[in-house]
Amino acid sequence: MKHLRPHRLFNLHKTENHFARMAQIVMPDQDTPSMLDTMILLTLAKLVQPRNFFEIGTFLGAQTLNMAVNLQSADRIYTMDLGQEDSSNVQQQKEDAVLTVKHLANEKRLAFLGTPHEKKVEQIFGNSNTYDFSRFHGRLDMIYIDGGHDLE
């Protein structure tokens, strides 16, 4: 597989001027995605122009907010993570278990909640390994998976 250099991806997103290339993102900290990861995802999304975007792995909702703010093309942004009930039924390795505990402790303070962009986001609680995605068949334009980091 060839390695993709970020600047080559960024150059695929042609715009008339620099202003059209602007993005608004959550500044990263220890709990949010890096700016490079976010800009790569946003550039891919700008190229795809999804009307319906699906994210698996809400965590603290920063990437969800990044997408909601910057994707004017999106009618709906779906974000899925484990809820309280699901988390007790899933066996996770240490890294994912720590992330789930942090997610559940902050589920009322996710980054997109209380923003003007919240109405664009639909939260889904469930285990992505067992969830019935049939209602989304043929309706999603882009899917971003950053959850369930266990190998299985």
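The paragraphs below lead through a helix and a set of paired strands in this structure. The model is a predicted one, and the residue numbers count from 1 along the chain.

A good place to begin is helix H2, which covers residues 35–48. At 1.5 Å a residue, the 14 residues of H2 should span 20 Å, and because the C-alpha atoms at its two ends are 20 Å apart, the helix agrees with that expectation. Several residues of H2 are buried, namely Thr 38, Leu 41, Leu 42, Thr 43, Ala 45 and Lys 46, and what covers the buried residues of this helix includes helix H1 (6–12), helix H3 and strand S4 (142–145). Just after H2 comes Gln 49, whose phi is positive, at about 55 degrees.

Further along the chain lies strand S1, made of residues 52–56, which pairs with strand S2 in the parallel sense over five bridges; within this pairing, Ile 56 has Met 80 of S2 as its bridge partner. Helix H3, residues 62–70, belongs with these two strands, for S1, H3 and S2 make a right-handed β-α-β unit.

Strand S2, which runs through residues 76–81, is mostly covered, since five of its six residues are buried. Besides its pairing with S1, which has five bridges, S2 is joined by five bridges to strand S3 (residues 121–125), and S2 and S3 run parallel. Here the bridge partner of Ile 77 is Val 121, a residue of S3. The reader can thus follow S2 as a strand that pairs with S1 and is also joined to S3.

Terms used: Predicted model: local features only at pLDDT ≥ 70, side-chain atom pairs only at ≥ 80, totals over all residues. Heavy atoms only, no water. Buried < 20%, exposed > 50% of the residue type's maximum accessible area, 1.4 Å probe, protein only. Helix = DSSP H or I, 4+ residues; strand = E, 2+ residues; numbered from the N terminus. Pairing = 2+ DSSP bridges. Right-handed = clockwise from strand over helix to strand, strands pointing away. Expected span 1.5 Å × (residues − 1). Contact = heavy atoms within 4.5 Å.
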